[in-house]
Structures are given as C-alpha cells and as structure tokens.
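Let's take a walk through a protein model and see what its side chains are up to. Have the structure open and rotate it as you read.

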Amino acid sequence: MKQLVFATNNSHKVDEVKNKLGGLFEIKTLSEVGCVEDIPETSDTLRGNAGQKSHYLYDRFHCDCFADDTGLEVEALNGAPGVYSARYAGPGKDSEANIDKLLSELEGKENRRARFRTVISLILDGEEYTFEGIVNGTILTERHGSHGFGYDPVFQPDGYNCSFAELSMEEKNKISHRGKAIEQLIRFLYVTK
Ligand code: IMP
C-alpha cells in the first residue's frame, strides 16, 4: 500500500483521517517519519497554513503528504477565532481556555451561528492540490459530551440536537468539516490513482 504522510501528531485527527483513508493509503504521522520540530504556521489564512505545513514536510522528506488547517468561524464575532482558533485564549493552545473565552465573548449574544472550515493541502508527486470542507452549526451555551477534541463540546452541527462531542467519531466524521474535506481528497485520489 502506498504511504501518505499526514502533517500532524494530533491523535484525534489521525484517527478521523485513518477511519476514512486507511483502506487506500498507509497513513504516517510526523513523529513516525522522524519530523520532530514544530512546523511553522504563520499565515493569516487556513489555506496558507495548510500549504506551509505540507510544503515544509515535502521540502525536507520528499514524500507524498498532506496537511490540514481548521478554523471555527463565528458569525457574531466577524469570523473569529478563524485562523487563530488554536491560540484564541493565548499561545498555550489550551482547548479549555479557548472554549471559556468563546463562551464569554458570546454571552448575551442572540446570534450563535458558526461554522468549522478545514482546508487540506495535498502534495502528490510534487504537485499541490487543495480541498475544503465546511460544517454549519451553532455554539451552545455550555459544554456537552466527552468525545472528540478542541471546540467539539460546544459545537452543535445543523440537524442535530447534540454537540460534536456527543457523537461517535464515525458519526462526526460523516458530517464534519474534516470528514468532508477528506472525502474530496479521496474522490480526487480515486480519479488520479
Ligand atoms: P488546527 O487545525 O490543528 O490548527 O486547529 C485549530 C483549532 O481548532 C485548535 O484549537 C483545534 O483544537 C480546533 N479544532 C480543529 N479541528 C477541530 C475539530 O474537528 N473539532 C473541534 N475543534 C477542532
């Protein structure tokens, strides 16, 4: 089976991606290919950051690879935290603190509409391709559920009466931003491979 390196060490993301792509490619993580440094993410767009990570990996390891970058875009906050979602409450990338800040910024606001957006940058045989996935929903007023990661406990996808953190990984993957972006990637791989 051909190898594809996923530019992350986030075990939740790896599980979600392997759940969809595992039958097609052998997915390797950064640590598994010996990339131990923190890859810079200095762009002010998701597309820019995803590309920065995939090119960083390709330039050093010359492997087929892909990277994702995800942002939570909240209508009442003019799209914030967006590309800065990981460091919303500070450089520590603390998910609990990020959720606390989000809930306090939305206190008293009627409009709690939000969306997750993922951009994937794939480098295959030296060429870059990008894919995007979006899921719309609302920000709950308190945390629900214990599955998933990041902002999952406060994000309720449209058409559901529960948070992402109350869904199983498989259920989240069917409708999520990352799941949709990966599905596009899979369709592309089936056409080109
Ligand atoms: P990144 O794509 O790893 O840079 O993620 C940016 C921020 O969004 C981090 O705070 C993540 O925890 C959060 N995040 C990324 N993907 C998800 C998801 O699927 N659910 C909830 N939060 C996420």
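Here is a short tour of rings, charges, a helix, two buried polar side chains and the cysteines.

## Rings that pair up

First, a word of caution: what you are looking at is a predicted model. It holds 6 aromatic pairs. Take Phe116 and Phe164: their ring centres are 6.1 Å apart and their planes meet at 20°, so this pair is stacked; the cut-off for stacking is under 30 degrees. These two partners come from distant parts of the chain, 48 residues apart. Phe116 belongs to strand S5 (residues 113-124), while Phe164 sits in the loop between strand S7 (155-157) and helix H4 (169-175). Both Phe116 and Phe164 are buried.

Now swing over to Phe155 and Phe164. With centres 5.2 Å apart and planes at 40°, this pair is tilted, because that angle falls between the limits of 30 and 60 degrees. Phe155 is buried too, just like Phe164. Put the ring pairs together and you get a cluster of Phe116, Phe155 and Phe164.

## Charges over rings

Which charged residue sits over the ring of Phe164? That would be Lys172, whose charged end is 5.4 Å from the ring centre. So Phe164 turns up once more, having already appeared as a member of the Phe116, Phe155 and Phe164 cluster.

You can find another example at Tyr88. Here the charged end of Lys101 sits over the ring, 4.4 Å from its centre.

## Checking a helix with a ruler

Helix H2 covers residues 46-61, which makes 16 residues. At 1.5 Å a residue, you would expect a span of 22 Å. The end C-alpha atoms of H2 are 23 Å apart, so the model agrees with the expectation.

Which residues of H2 are buried? They are Leu46, Asn49, Ala50, Gly51, Lys53, Ser54, Tyr56 and Leu57. The buried residues of H2 pack against four strands: S1 (3-6), S3 (65-74), S5 and S6 (127-139). Just after the helix, look for His62, which takes a positive phi of about 50°.

## Two buried polar side chains

Is Arg178, in helix H5 (residues 177-192), buried or exposed? Arg178 is buried, with a relative accessible area of 2%. Leaving out neighbours within four places in sequence, Arg178 is in contact with Lys13, Glu16, Val17, Asp68, Thr70, Thr118, Phe149 and Lys172. You have met Lys172 already, as the residue whose charged end sits over the ring of Phe164.

Asn173 is found in helix H4, and its relative accessibility of 2% makes it buried. Its side chain makes a polar contact with the side chain of Asn19, at 3.1 Å. Not counting residues up to four places away in sequence, Asn173 touches Glu16, Asn19, Lys20 and Gly179. Glu16 is also among the contacts of Arg178.

## Cysteines without a bond

A disulfide is a covalent bond between the sulfur atoms of two cysteines. How many disulfides does the model have? The count comes to 0. Cys35 shows you why: the closest cysteine sulfur, in Cys63, is 9.0 Å from its own sulfur, too far for a bond. The cut-off for a disulfide is 2.5 Å.

Cys35 is buried, with a relative accessible area of 1%. Cys162 has a relative accessible area of 17%, so it counts as buried as well, because the limit is under 20%.

Note on methods: Residues are numbered from 1 along each chain as its sequence is written. This is a predicted model: local features need pLDDT of at least 70, side-chain atom pairs count only at pLDDT 80 or more; totals for chains, interfaces and linings use all residues. Side-chain values use heavy atoms; hydrogens and water are left out. Rings of Phe, Tyr and Trp (its six-membered ring) pair if their centres lie within 6.5 Å; planes under 30 degrees apart count as stacked, over 60 as edge-to-face and the rest as tilted. Helices (H or I, at least four residues) and strands (E, at least two) are DSSP runs, numbered from the N terminus. Buried means under 20% relative accessible area, exposed over 50%, partly exposed in between (1.4 Å probe, protein chains only). A charge sits over a ring if NZ of Lys or CZ of Arg is within 6 Å of the ring centre and within 35 degrees of the ring normal. The expected span of a helix is 1.5 Å times one less than its number of residues. Contact means heavy atoms within 4.5 Å. A polar contact is a pair of N or O atoms within 3.5 Å; within protein, one must be able to donate a hydrogen and the other to accept it, and residues adjacent in sequence count only if both atoms are side-chain atoms.
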